[in-house]
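Got the viewer open? Here's a short walk through one strand and one pocket, with something to select at each stop.

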Amino acid sequence: MVRLHKILAKFKVFLRSHEKDKDYFSATTPCNLIQHYTGISEDRPSLSGLNRDASQLSWISLPDHRRMVAHSIASGNAAAASVSSFDSASTQDQSRSGHHSLPSVPPSPAHQREAAPNVSVTNGVHNKQHVALPGGVLADAHDFVMNQPNFNLGIPTEKTQEERLAEEAKLAKEVLEKLSAKGMPGAMLHAQERDYAPKCNKDTRQSLRGRIVKWGRDDKEVRCLLWLSGPAAVGKSAVAQTVAEQLEAEGLLGGVFFFSRPNNRSDPNAVIPTLVYQLALRLPEYRRIITQWLIEDPLILSQGRHSQFKKLIINPFLTLESHPPLLIVLDGLDECSNRDAQYEFVKMISHSARLQDKLRLRWLICSRPEPDLKVVFSTRKCKGICVQEKLEVDESEAQKDARRIFKKGLAEIRQRYPDQLTKDWPAKDTVHFIADRASGHLGFVSFLIRFIGDKHYDNPSGQLDACLRFLKHDHDPEDLNPLHSLDLLYTQILSDIPTSTLPITQRILGLFIFHGSPQLTITTHANFLGLDQASFYSALQRLHSVITVPPASEANEEPIQMYHTSFSDYLKDPARSGMFALHENEVHLDTASRGLDWLQYALRNSGRPLPNLTWMLPETDSEDIVQDLFETSFTLCWKACPQVSKGDLPQLLNMLSHVDFDLDYEWWCGTKTSDFADFVHWLASLGPEHKTPFTLVGMGKDMAEFDLPPEIHRIRHQTNDPHDFARPFARAELAIHYLVSDYSSLFFLLNKTLFQLSLDEGHSPRFSYY
């Protein structure tokens, strides 16, 4: 057997001696050439496959290719051989130095590099494998053996082993510096920028962390992707940090990237260089491969993300002989500045799953449940290779964890201030109150602990009192905000909503926060406000991290939900939410106006056709939706009217003056509500200075002296104190004895519609029509 490097050395001498003899090359086959400079006969197995058309070798006779040398691309169990040329400048430098080495950036066609995983080389005399060469002059050659091949990174073989190692280290350092410059070191696990990164206490999220760690360790696990989703600030990053540190200690961590828009760690183009940098530090063999390839083609780092992912992660790992399963963490993917890139990362990872048995990479992605991510993770391809975990706020484990974190935080504060705080500080009822308000929201608890123990103030008792006042809505505007950090997060989330969409978003949230109920399903919600499906879902597109938005398929049964009351508290306080604040007066007026509009379709004898719905799911009966809208509007309208501000009252009374109250009240027969009775009570309380649709006709059962029409709406209302309820209906000209002896029935007009409101004493408010 002939060693490859000896063949190539003789070939190089031969080429120097015949560099001007173009006719020779044009008439000579590859087999003739090798026979000439090696003396190997053509029937030797080593030359099988080399007898090709000489035209494929004609390029080597060009004047600019005076120095020819074969070089190899290899690492681990992979190799590919090709013939490359030096440029003239490189040749002159090497001639002056006395060396004829590879240039620092030798050319290597892309197809050779990608073919590398199909080629194998085994060192050692007693374990030899044949090598098939994918390209170059020796293309398709096979059945020769490389005994103990020594592949180098463009380093001359004339150097000693020590010199070669030093040169390799120098080249690797240069590559790492380039990766660092293209990447984002601040997004790594132990970055200085993340000195105070959140971590799980040893007793929190135990079951969830245990499942993720087990999945990361399991070398037989075929599902290479795990998606951990959850609302904003509930501890996803803490779980990611803790899991990463644990697997790092076991040698099973490949790399991490912690996104953060507020901290300017949101550039998708920095992700792959950052991960490659970390993988190169952990795996020397991988470092040699990517060093070689980045020396050959430095522009890889300027290529698209898909190309970088393939060339710097997938292809190198396919060539590695063995390594343990490695976890790669992408935390906060929803904070990546490019939404298309978020989708792209998940698709690239899922597409690589078919190679999982060779790659042995695990991907943990943590994010809020944003719509785009929910779509990509629900695809068939993702479902087959993805484990999905959710961080719920109101689950029992979260409730216990929140209480545990709060108590532990208070205990640490007591230890820091032994002279200020007693051992029983704070009172148990205070702990219970705050823990209940937390409702399992770990971020909420963490922000409060940070505020109470703020060393800038060194007054934990006073800070705790400020928290209590704040949570009880008993604070002054100039008081400190213990949830300032949480408010910043909510502000960032709302800032992503387009300006043109924000008013619609505020209308939806306003109705939900001030008048929401289980009956306000998504279809009812949208139709009540006059919004179609696209407008409704588009307005909530950026809010999936703070509210639950059921899919359209469940729109007839499910309402939207708030993950935590801290978000609604934020929106209701203009001092905290600024331009995003929900102005309660505007919400009540809008709700009353929309409710009155819908009720005009529920008149008793109008014959008016049913309204056109803005949104209706396929195979849904429109009459069912209209009935839901009538029932909802009846409640929302009468509840909203009394809450309209004095400034908006004239506008509301003007609307009421044009309302026909001759409704088909059988729609609401048996409904246990006092909203309509409270609405009438409110109208009667406004007084004569306001022009209202209410006119009192009389009080008492005996109304024979009145000429009452045959059609009268008879309504019964049950209240704890009928006497007190009837008081505003009395007028100066009516005898006071009505209030004392006979207040059981009130007769009044709303515009031109006559009502009899009968009052009964009872402990549960009840409204009925008869």
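One term before we start: a residue counts as buried when its relative accessible area is under 20%. Keep in mind, too, that this is a predicted model.

**Stop one: the strand β3.** Select residues 225-229, which make up β3. Buried or exposed, what would you say for its 5 residues? The count is 5 of 5 buried, so β3 is largely enclosed by the rest of the structure. Now switch on the side chains. In a regular strand, side chains alternate between the two faces of the sheet. Here Leu 225, Trp 227 and Ser 229 point one way, while Leu 226 and Leu 228 point the other.

**Stop two: the neighbours.** Add residues 361-367, and you have strand β6, which runs parallel to β3 and is joined to it by 5 bridges. Look for Ile 365 of β6 opposite Trp 227. Next, bring in β7, residues 386-390. β7 also pairs with β3 in the parallel sense, again over 5 bridges, and its Gln 388 stands opposite Trp 227.

**Stop three: the pocket.** Now go to the second largest pocket, with a volume of about 810 Å³. Of its 28 lining residues, select the ones closest to the centre: Lys 374, Lys 390, Thr 548, Val 549 and Tyr 563. Elements giving two or more residues to the lining include β3 and β7, which you've just visited, along with α14 (371-377). Which element gives the most? That's α14, with 4 residues. Colour the lining by class and you'll get 15 nonpolar, 8 polar and 5 charged residues.

Conventions. Residues are numbered from 1 along each chain as its sequence is written. This is a predicted model: local features need pLDDT of at least 70, side-chain atom pairs count only at pLDDT 80 or more; totals for chains, interfaces and linings use all residues. Side-chain values use heavy atoms; hydrogens and water are left out. On a 1 Å grid over the protein atoms alone, a cavity is a set of points where a 1.4 Å probe fits but cannot get out, and a pocket is an open set with protein on both sides within 12 Å along at least five of seven lines; lining residues have an atom within 4 Å of a point. Grid points are joined across faces, edges and corners, and a volume is the space filled by probe spheres set on the points. Ala, Val, Leu, Ile, Met, Phe, Trp, Tyr, Cys and Pro count as nonpolar, Asp, Glu, Lys and Arg as charged, and the others, Gly among them, as polar. Buried means under 20% relative accessible area, exposed over 50%, partly exposed in between (1.4 Å probe, protein chains only). Two strands pair if DSSP finds at least two bridges between them.
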